[in-house]
Amino acid sequence: MKLSQVRWQTYKDNPADAEIPSHQLMLRAGLIHKAGAGIYNLLPFGLKVVKKIEQIIREEHDKAGCLEVLMSVITPGELWQESGRWQAMGGEMVKMKDKGGRDLCISPTNEEAVTDIFRRLIKSYKDLPITYYQINTKFRDEIRPRFGLMRGREFIMKDAYSFHESKSCLEKTYFQLYNVYSSILNRIGTEFKVVEADAGAMASSDQKTHEFQLLAKTGEDLLVYNEGYAANIEKAKTKRVINDFKFNGGEVEKVSTPDVGKIEEVCKLLGVKPHETLKTLALMGVKGNQVRPVLVVLLGDDELNETKIKNLLNADHVLPATEGELESLKCVRGFIGPFGHPQEMHTIFDAAIDLDAFYIVGANQKDFHLKNFSPKRDTHNFEVADLRRTKDGDIALSNNLPVQITRGIEVGHIFQLGDKYTKAMGVTVLDKTGKAVVPLMGCYGIGVTRLAAAVIEQNHDEKGIIWPESIAPFKVHAVLIGRSDEFRMKAFKIYEQIRERGIEILIDDRDVGPGFKFKDADLLGCPWQLTLGEREFGETGKFKLTNRKTAQIIEASPENLITEIERAINR
C-alpha cells in the first residue's frame, strides 16, 4: 500500500482526554476516530489489526469444531423477559419499542438469543454437545466510558455458547475452549495469565469461571498468583500468617480515644499493632426489596473484599449503612464495634481473626474504644468467613506458597452457566432414555477491540506502538528517501517485488522529510522498517531492515533483500 494514497493523519501530541497509552497511541497513529463518548470509528489501519485478531479467533474456534453464526444486534425484549434479565440488566442495556409497540433492545450479550436458536433447532442428546460462536458488535451504555477501546460503549466481541446433556460434557468443552483461548493469545504473541474469577451476575458462584488477563501496568484488575495458583483478587483464597496475637487479657474495658477514629491513630495512641485491633463495618445487603443489616469485622490493617461479602449474603448490592441506619443500629461512625449489640444482630468475623485472641474495638460511642474484646467470648450471633482482600505475601490455600499481586487487563472470560438460562426459558432435550432434561450451558467471551488496545498496553515505548507480527497492520514499513524519478522507479520496483511475494508492505512515498517519515513509522509500529534511500541504491549498495522492537539492523544487498525480509518475518 502506498501511503500517499491513504490520507493518513497522525498527531504529535497526546489528546487531552486520553489517559492510557493505548488510547493515546491509537488516536495519534490514526487507527481510530472518536465519534462520541465511548464510541469510536475504526480507520483503515486500525481495522486491519482488528480483522487479523478476528481471523486468529475464527481459525482457532473452527479448529475446535465450533459453529459460526451471526445473531441480530437488535433482540426482542420478550427473550430477556423470559430469562428474567429485562430489568436486571439495568441502565447498561438500551431499550426501545418498534412501531407495533413491541419491546426491543440492543444486545449487550446474547445468552437469551442463542438459547432461543438452540431450542428451535436441537431436540435430542444426539446433537450434543454443540457450540455456536459469533464475532459481532455489542453495545453497553456504560456510565463512565473511558480509555478508548478499552472500555467503550460500542465494541466488537467474540461470544460463544455451548450446550450439553451432562456436567461431564460441559467440563470437557469448557476446558477445550480454555485451550482455544490460550492458543489465540499465544498466536497473537501476548504475555498473559489465566486466573480463577468471580462469576458475577452471569452464573452462580459455585460454577467454574476463568479470566484471561494480559499483564500490563495500566491494568484495572489485580491478579494474585504464585507457581501453581492464579486468581483475580475478587476470587483469591489466601490466608495471613500472624504469630503474635495477644492471648492474655481481662474483662472488656472502655478507654477514651478523643477525635481518634482511624486505625492508625488508635494504634499510635494506645501503643498496639494494627492486627491487634478490629475494624467493624456496618453494611446493608440488598436483595430485591429486602435489606439485611450485618456487621463485618476485619483485622485493623485488612480491607474488605466486596465481591466476597456480596456472594456470602447472596445480595444484589452491598452498601455502607447510612447515618440513619447507623443510628438505628446504635453505631457511631468511626467508633463502630461488634460488642454490646442485640443477639439478633448478625456479625461476620473474617477468617484471619483468631477468635480466642484479645483486640481493641470501637465502643459504639463517640471518642471511645474498648480493650480486651475477645470474639468467641464477647459475641453471640456470629459466623466466620473469608472476607478480606488478599495482600502481597499471603499464603495461597491451594498450595501453601506465598503469593504476589500484579496488574492485568481482562480480555477474555469463560463461564460454566449451568441451567440458568435453559431452565428459565423452558428448554429441554430428550436424553438416551427418552426423558426430557434441561441442557447445561457454557459461555465464552473475548473483547476483540479491547484485545487490540490491550496488546498496545503491553507493547509500546516512548516512540509509539510495537505490534506483534501476527496482528500488525503491515509486516514491513518502507521509508522512501529521495525524489529523483530514476530513484523512485527503482524503489517502487522493489516494493512491487516484495508485494508479489505475498508480504504485506506499506511504503511511505509522501512528499515530506525523512525525519517525519521515520517518526510516523515508529508511531505506527510495524515489526520491520525498510530504508529505501538513494544512498542504499548508490554509495553503500546495502539496504537496512530494522526491527522495531529490538532495533536490530539487518543489511541486505539488492540481490538478497527479499530473501532476508522473508527470513526475518518467518523466523
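With which side chain does the side chain of Asp221 make a polar contact?

**View 1. The surroundings of Asp221 in strand S11 (residues 221–226).** The side chain of Asp221 makes a polar contact with the side chain of Gln213, at 2.9 Å; a polar contact is a pair of N or O atoms within 3.5 Å, where within protein one must be able to donate a hydrogen and the other to accept it, and residues adjacent in sequence count only if both atoms are side-chain atoms. The model is predicted, so local features need pLDDT of at least 70 and side-chain atom pairs count only at pLDDT 80 or more, whereas totals for chains, interfaces and linings use all residues. Residues are numbered from 1 along each chain as its sequence is written, and side-chain values use heavy atoms, with hydrogens and water left out. Asp221 is buried yet has no salt bridge, and Arg450, the nearest side chain of opposite charge, is 5.5 Å away. Buried means under 20% relative accessible area, exposed over 50% and partly exposed in between (1.4 Å probe, protein chains only), and a salt bridge is a side-chain nitrogen of Lys or Arg within 4 Å of a carboxyl oxygen of Asp or Glu. Not counting residues up to four places away in sequence, Asp221 touches residues including Asn232, Thr406 and Arg407, contact meaning heavy atoms within 4.5 Å.

**View 2. Two asparagines with positive phi, Asn314 and Asn372.** Asn314 is found in the loop between helix H8 (306–313) and strand S17 (317–320); its phi is about 50°, and at 51% relative accessibility it counts as exposed. Asn372, by contrast, lies in strand S20 (residues 368–373), has a phi near 65°, and counts as buried at 10% relative accessibility. Helices (H or I, at least four residues) and strands (E, at least two) are DSSP runs, numbered from the N terminus. Most residues other than glycine have a negative phi, and most peptide bonds are trans.

**View 3. The cis peptide bond between Leu128 and Pro129.** Omega of this bond is about 0°, and Pro129 is found in the loop that runs between helix H5 (111–121) and strand S7 (130–139).

**View 4. Thr546 in strand S32 (residues 543–547).** Leaving aside neighbours within four places in sequence, Thr546 is in contact with Pro527, Trp528, Gln529, Ala551, Gln552 and Ile553. Thr546 and Ala568, which are 22 residues apart in sequence, are 10.0 Å apart in space, C-alpha to C-alpha.

Definitions and conventions. Lys and Arg count as positive and Asp and Glu as negative; His and the chain ends are not counted.
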